[in-house]
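Student: I would like a close look at a single part of this model. Please set that part in its chain, then follow it residue by residue.

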Amino acid sequence: MRAKLTYAVTAAVLVFYFVLVGSRGVMLIQSGTLITVTFGLAVLILPVIGIWFLWKNTQFVRNANKLAAELDAEGGLPVDELRRTAGGRIDRDSADEVFAKRKAETEDAPDDWRSWFRLAVAYHDARDTPRARKAMQRAIALHDGRPVQA
């Protein structure tokens, strides 16, 4: 719940920022000189890119949560078997062991979105966020029956 609240607050702040920047871009365009119109158009590009980025991330999170709910209903969510330090952080060696298991599982069933989902969780636990995201994107694509990039 805390992550959802943090995401919602961050998204709201970003939308406010996009509106603020967009209004400044419109004001520059309304000035009417060549330089201010050029700057105004350039400034309007930032909120457009930001809104697109926020939309794509929101879609990704919703799709990943949908897969997690489906996997939970099947009883297939990965069990937390990670050792933790006294401070509560995941032990690196433990994460590597679990990752090796998840990777082997995915190699045995490369077309199963469930194994890719669990691999994404293992990547995340091993603090490899870019690969975790790619694995989750692959799980979503496999689940939805879309073509998967090699």
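Tutor: Helices here are DSSP runs of H or I with at least four residues, and strands are runs of E with at least two, numbered from the N terminus. The model is predicted. On that definition, the protein chain reads α-α-α-α-α along its sequence. The count is 5 helices and 0 strands. The part to look at is helix H5, residues 129-144.

First, the setting. The C-alpha atoms of the protein chain fill a box of roughly 65 × 40 × 25 Å along the principal axes. The radius of gyration is 21 Å, whereas a compact globule of 150 residues would have one near 15 Å. Buried residues make up 29% of the 150. Among contacts with a separation of 6 or more, 46% join residues 24 or more positions apart. The exposed area is about 10300 Å², and carbon and sulfur atoms supply 63% of it. Charge is uneven too: the mean positions of the 21 positive and 17 negative charges lie 10 Å apart.

Now the approach to H5. The loop between H4 and H5 holds Arg127. Its phi is near 65 degrees, a positive value in a residue other than glycine. Most residues other than glycine have a negative phi. Arg127 has 47% relative accessibility, so it counts as partly exposed.

Next, the geometry of H5. The helix has 16 residues, and at 1.5 Å a residue it should span 22 Å. Its end C-alpha atoms are 22 Å apart, which agrees with that expectation. Just after H5, Gly145 takes a positive phi of about 75 degrees.

Which residues of H5 are buried? They are Ala132, Ala135, Met136, Ala139, Ile140, Ala141 and Leu142. What do they pack against? Their partners are helix H2 (34-74) and helix H4 (113-125).

Take the H4 side. Trp113 lies in helix H4. It has 7% relative accessibility; the cut-off for buried is under 20%, so Trp113 counts as buried. Leaving out residues up to four places away in sequence, Trp113 touches Ala139, Leu142 and His143, and also Leu67, Glu70, Leu71 and Glu74. Two of those names, Ala139 and Leu142, are on the buried list of H5. The C-alpha atoms of Trp113 and Asp144 are 9.2 Å apart, although 31 residues separate the two along the chain.

Then the H2 side. Asn57 sits in helix H2. Its relative accessibility is 15%, which is why Asn57 counts as buried. Setting aside neighbours within four places in sequence, Asn57 is in contact with Tyr7 and Arg133.

One loop residue adds a reference point. Pro78 is in the loop between H2 and helix H3 (92-108). With 23% relative accessibility, Pro78 counts as partly exposed because the buried class ends under 20%. Beyond its neighbours within four places in sequence, Pro78 contacts Arg102, Arg118 and Val121. Pro78 and Pro147 are 69 residues apart in sequence and 25 Å apart in space, C-alpha to C-alpha.

To pull H5 together: its end-to-end distance agrees with the expected span. Its buried residues pack against H2 and H4. A positive phi follows just after it, at Gly145.

Conventions: Residues numbered from 1 in each chain as written. Predicted model: local features only at pLDDT ≥ 70, side-chain atom pairs only at ≥ 80, totals over all residues. Heavy atoms only, no water. Expected span 1.5 Å × (residues − 1). Buried < 20%, exposed > 50% of the residue type's maximum accessible area, 1.4 Å probe, protein only. Contact = heavy atoms within 4.5 Å. Rg over C-alpha atoms; globule rule 2.2 N^0.38 Å. Areas by Shrake-Rupley, 256 points an atom, 1.4 Å probe, with all protein chains shown as cover. Lys, Arg positive; Asp, Glu negative; His and termini not counted. Charge placed at Lys NZ, Arg CZ, Asp CG, Glu CD.
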